[in-house]
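Biologist: Before any bench work is planned, I should like to go through this model with you. May I put some questions on its cavities, its cysteines and its core?

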Amino acid sequence: MNLRLDNTLARQLEKFRTPWKADEVPEPGLVLVNRALAGEIGLDLSGCDDAALARLFTGQERPGDIETVALAYSGHQFGQFSPLLGDGRALLLGEIVGPDGGRRDIHFKGSGRTPYSRGADGKCALGPALREYVISEAMAALSIPSTRSLAVATTGERVFRETPLPGAVLTRVAASHIRVGTFQYAAAHHGVEEVRRLADYAIARHYPDISGAANPCLALLERVIEVQAALVAKWMCVGFVHGVMNTDNVSIAGETIDYGPCAFLDDYSANAVFSSIDHGGRYAFGNQPAICQWNLIRLAEALGGAVIEADADGEEKMIDLLNGFGQRYEAHWLAGMRAKLGLEGEREGDMALAKALFAAMEGQGVDFTLFFRRLADVPADGDEALHGLFNDPEAIAGWLEQWRARIAEGWGGKAAMDAVNPLYIPRNHKVEEALAAATAGDLAPFEKLVEVVTHPYAEREGLEAFAEPAPESFGKYVTFCGT
């Protein structure tokens with residue numbers, strides 16, 4: 001194994017990390033390793049047997065003289081500010097520079113208590129580790145910016161939640177783990193100078209093209225607004241519900257990060273909530289764009305002192321950028337919806353057409369994913385292609401007339417629609433089936449699910465069950481954060 005790691009964050013931002021080691025574990029065991037991802041990032045695992053990989057991916061052996069660290073950050077959790085959160089069960093192993101020149105973090109999740117654990121055990125159970133693995137890999141296959149999953153290893157321990165569960169460590173890969181909450185931590189604990197240092201580091205790492213900006217913190221805010229608007233628009237176009245959009249779960253790099261109580265929509269509803277702790281629906285599916293903007297306002301607050309020091313009009317400029325979030329988001333969402341609806345060219349009524357679709361779907365029990373796949377069949381097969389999805393097929397009749405009139409002006413065709421509308425997603429009932437089997441010792445259903453959802457667009461014979469909605473017996477789906 002040739003594992004040459006760097007750690008620029010630990011060297012350059014010493015106030016944002018605490019050196020720490022993973023807990024010793026009694027019996028490391030390798031569950032799976034993402035060798036394709038390892039190749040992409042330039043991680044050479046040759047010459048390593050499963051035992052060596054299990055020790056590496058549980059933090060029992062550190063390559064070279066690398067020092068693992070726990071990262072510090074703050075965050076608004078369900079709207080309430082916590083000045084000190086941090087990696088309560090995670091460690092940054094280091095950074096690897098890939099063949100493409102990109103720098104990526106390699107990060108453990110579930111490696112034990114840290115100084116930021118706040119009384120928790122710092123552990124992760126096998127089920128939540130595998131859940132993040134399959135969903136993050138599915139997101140990557142859908143071309144949605146995301147952290148990636150490199151490996152899952154068991155620890156030989158039992159983790160106590162509602163019941164004793166097998167313990168595990170997830171190793172994930174990210175552009176970085178700098179969050180909105182990291183800037184909040186800098187502002188709350190260290191002041192403007194440290195905010196500027198953090199911003200300079202984030203710009204050099206993620207957005208070097210703005211390094212010469214007259215007001216770097218303002219330029220950084222604008223860039224993060226843009227990448228977050230694009231990211232959440234992609235979530236909305238595939239029916240993904242993050243579930244816990246706290247500011248400590250918002251990546252400066254514009255990646256989907258921290259897969260806890262997340263899920264994909266089955267039946268469409270703007271009010272869909274899957275998290276067991278989101279009692280008020282703060283992070284419901286339809287609220288995600290507004291919550292994204294709220295989180296970006298918190299980033300602006302953290303950057304504000306540095307922005308205003310550099311420009312007396314900095315506050316007004318930040319407000320203008322934040323007020324422009326909606327326009328940026330809608331532009332990204334509409335581009336995605338035009339592709340999903342097969343619309344060629346741009347017409348003034350396209351936004352109204354897209355929004356009218358979801359008004360027609362609300363309350364009709366319509367499977368979100370299957371609707372867009374079957375819509376592509378309507379020109380050849382008629383409205384009947386969709387009738388079975390609606391409680392009342394008349395609810396969509398008027399909208400289909402409008403859509404037909406629009407595609408008469410330019411339609412990309414069924415093949416183009418199928419190329420952007422997935423058939424295979426991590427359906428909640430299939431995820432739970434696979435996790436139950438894996439926790440009981442049978443990894444085959446999980447490996448099959450990963451293979452299916454990482455090739456989401458082309459229909460394949462024999463995979464019909466992976467494209468079907470959950471049976472009625474599955475009931476209302478509830479997810480948990482896994483801590």
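The exchange below concerns this model, which is predicted.

Biologist: How many cavities of 30 Å³ or more are there, and how much space lies in the largest cavity?

Modeller: Rolling a probe the size of a water molecule over the atoms shows where empty space is left. In this predicted model the count of cavities of 30 Å³ or more comes to five. The largest cavity holds about 80 Å³.

Biologist: Which element gives the most residues to the lining of the largest cavity?

Modeller: The lining has 14 residues, and those closest to the centre of the cavity are Q228, L231, W235, N249 and V250. Two elements give two or more residues to this lining, α8 (288–310) and α7 (216–238). With four residues, the element that gives the most is α7.

Biologist: How do the residues of that lining divide into nonpolar, polar and charged?

Modeller: Glycine is counted among the polar residues for this purpose. On that basis, the lining of the largest cavity divides into one charged, six polar and seven nonpolar residues.

Biologist: Why is C217 in no disulfide, and how many disulfides does the whole structure have?

Modeller: A disulfide requires two cysteine sulfur atoms within 2.5 Å. The closest cysteine sulfur to that of C217 belongs to C292 and is 19 Å away, so it is too far for a bond. C292 is in no disulfide either, as its nearest cysteine sulfur, in C237, is 14 Å away. For the whole structure, the search finds zero disulfides.

Biologist: Is C292 buried or exposed?

Modeller: A residue counts as buried under 20% relative accessible area. The value for C292 is 1%, and therefore C292 is buried.

Biologist: Which element gives the largest share of the largest nonpolar core?

Modeller: In soluble globular proteins, nonpolar side chains tend to be buried together. The largest nonpolar core here has 154 residues, and F183, F371, W403 and F446 touch the most other members. Beyond its neighbours within four places in sequence, F183 is in contact with several residues, including I178, V195, L220, I252 and L303. The largest share of the core, 15 residues, comes from α7.

Biologist: Is P393 buried, partly exposed or exposed?

Modeller: P393 is found in the loop between α14 (384–387) and α15 (394–407). Its relative accessibility is 28%, and the partly exposed class lies between 20% and 50%. P393 therefore counts as partly exposed.

Definitions and conventions: Residues numbered from 1 in each chain as written. Predicted model: local features only at pLDDT ≥ 70, side-chain atom pairs only at ≥ 80, totals over all residues. Heavy atoms only, no water. 1 Å grid on protein atoms, 1.4 Å probe; cavity = no way out; pocket = protein on both sides within 12 Å on 5 of 7 lines; lining within 4 Å. Points joined across faces, edges and corners; volume = space filled by probe spheres on them. Buried < 20%, exposed > 50% of the residue type's maximum accessible area, 1.4 Å probe, protein only. Core = buried A, V, L, I, M, F, W, Y, C linked by side-chain atoms within 4.5 Å. Contact = heavy atoms within 4.5 Å.
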